[in-house]
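I opened my notebook to go through this structure one piece at a time. Here is what I looked up, in the order I got to it.

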Amino acid sequence: MTLDLLAVPLLRRSAIDALVPHLLSARTVALSTHINADGDGCGSEVALALLLAQKGIDVRIVNPTPWPAMFNWLLESGVRDESARGAAALREADRLVVLDISDVRRLGGLADAVRSLPVPPLVIDHHLPGDEPPGTLHVTDTTACATGELVFDLAVSMGVEITPPMAGALYAALMTDTGGFRFSNTSARCLAVASQLVACGVDPEEMYRRIYASVPIGRLRLISEALRTIEADFATGIATIEIEAGQLARHNVTPEDLDGVVEYPRSIEGIRLALLFRDLGHGKVKVSFRTLGTVDANQLARRFGGGGHAKAAGALVEGSLAAVKAKVTTVARDLLKEG
Ligand code: AMP
Ligand code: MN
Ligand code: MN
């Protein structure tokens, strides 16, 4: 039997067909993603921007936090980033598409502006449902390895040519959200789509170099300090790692440069749950949850007002680093005992 892995799944196809007319009827479209945009957010935005530009639509990116320097190369394709203009740039567009978000609060400082738009945004996403969905018209599928996979499906469904810059942006989305094609979301279809993107002109080594082999030296200095904070409790299978307030600035790195740091505690034999605590320095702590096996990271993160996926989730928790760490590990320990 030959499996057509590239065929767009049926339910996705019908959601895409319902969304497309709303995209094509706009003259100006704004694209947005979550605070501290990651490779999936940035890659999906750039690919969708290039797709819409092929259809003659004027597109701009308007994100709640500045475009990450590590993804500047994606903008060389000519896509406009107007994040600095904030809500005004959103309101000027006929339509907003929100990518890689299932809860409007993930839009940070833009959330209120998005809530009060005259036309609700279109949503393309692969997260588990949040408490306050950003829009009602959506293409959402938690089985997609990345939002980029859904943008690929949109391009295929619309019969748009996947140009080399689009393919590169989509490959960056898939590669970063799967941890370099290693995590549990690395499905057969994910690899088939990646293979297709290589056929469209992506050079995997160049992508590796741009994303994993172009980090600032400060990332390594910071990791060397953070590794010393690792605590592993083998009785419960929980490991933690900490980043203090001011540590990023001291090493001249940004939050995006921390991608993958939580994999260090997760990589320890016998660990089922890894927790990264990053003190934001203003009374809040960013917690990253990563699990192996059956522990539900999304369920745990939701207990603290956050969310995400079954095996990777996050939350912003109020309190000092020590207090948040104590609170979260206590809840996690109880949950793991129950399981
Ligand atoms: P992170 O730990 O920030 O790498 O995030 C892991 C996953 O959880 C990503 O898919 C994020 O989009 C999601 N996530 C992170 N923080 C939150 C939050 N506060 N609320 C909902 N989802 C989140
Ligand atoms: Mn993301
Ligand atoms: Mn994603």
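**Entry 1: Ser-83**

First a reminder to myself: this is a predicted model. I began with Ser-83 and its surroundings, leaving aside the neighbours within four places in sequence. What is Ser-83 in contact with? I got Ile-61, Val-62, Asn-63 and Thr-65. I then looked up the side chain of Ser-83, which reaches the backbone nitrogen of Asn-63 at 2.9 Å. As for where it sits, Ser-83 is in the loop between β3 (80–81) and α4 (87–91). Buried or exposed, I wondered about Ser-83? The relative accessible area of Ser-83 is 10%, and buried means under 20%, so Ser-83 counts as buried.

**Entry 2: manganese, ligand 2**

Next I went to the metals, starting with the manganese ion (ligand 2). Which protein donors does the manganese ion (ligand 2) have? I noted His-34 through NE2, plus Asp-38 and Asp-100, each through OD, at 2.0 to 2.3 Å from the ion. Written along the chain, the spacing of these donors is H-x3-D-x61-D. I looked up where two of them come from: Asp-38 is in the loop between β1 (28–32) and α2 (39–54), and Asp-100 is in the loop between β4 (95–99) and α5 (111–115). That pair is 62 residues apart and links distant parts of the chain.

I checked accessibility for this pair too. Asp-100 has 2% relative accessibility, so I put it down as buried. Asp-38 has 24%, and since partly exposed runs from 20% to 50%, I put Asp-38 down as partly exposed.

**Entry 3: manganese, ligand 3**

How far apart are the manganese ion (ligand 2) and the manganese ion (ligand 3)? They are 3.7 Å apart, and Asp-100 coordinates both. For the manganese ion (ligand 3), I listed the protein donors as Asp-40 (OD), Asp-100 (OD), His-126 (NE2) and Asp-177 (OD), at 2.1 to 2.3 Å. Their spacing along the chain reads D-x59-D-x25-H-x50-D. I found His-126 in the loop between β5 (122–125) and β6 (137–140), and Asp-177 in helix α7 (residues 164–177), so this pair ties together parts 51 residues apart in sequence. Both His-126 and Asp-177 are buried.

**Entry 4: the two domains**

I zoomed out. The domain assignment gives domain 1 (10–211) and domain 2 (217–338). Their centres, taken over C-alpha atoms, are separated by 26 Å. I looked up who meets whom: 12 residues of domain 1 are in contact with 12 residues of domain 2. How much area do domain 1 and domain 2 bury between them? It's about 1000 Å², with 50% of that on carbon and sulfur atoms. On the domain 1 side, Asn-36, Leu-128 and Phe-183 lose the most area to domain 2, together 38% of what that side buries.

**Entry 5: helix α10**

Last stop, helix α10 (residues 217–227). Which residues of α10 are buried? I wrote down Gly-218, Arg-219, Leu-222, Ile-223 and Ala-226. Looking down the axis of α10, these buried residues fall within an arc of 135 degrees, so they line one face of the helix. I asked what they pack against, and got β8 (238–243), α11 (247–250) and α12 (263–266). On the face turned away from the buried side, I found the exposed residues Ile-217 and Leu-220.

Technical notes. Residues numbered from 1 in each chain as written. Chains lettered and ligands numbered in written order. Predicted model: local features only at pLDDT ≥ 70, side-chain atom pairs only at ≥ 80, totals over all residues. Heavy atoms only, no water. Helix = DSSP H or I, 4+ residues; strand = E, 2+ residues; numbered from the N terminus. Buried < 20%, exposed > 50% of the residue type's maximum accessible area, 1.4 Å probe, protein only. Polar contact = N/O pair within 3.5 Å; in protein donor to acceptor, adjacent residues only side chain to side chain. Contact = heavy atoms within 4.5 Å. Arc of directions from axis to C-beta. Donors = N, O, S within 2.8 Å, 3.2 Å for Na, K, Ca; no water. Domains from an automatic or database assignment. Buried area = accessible area lost by both parts, 1.4 Å probe.
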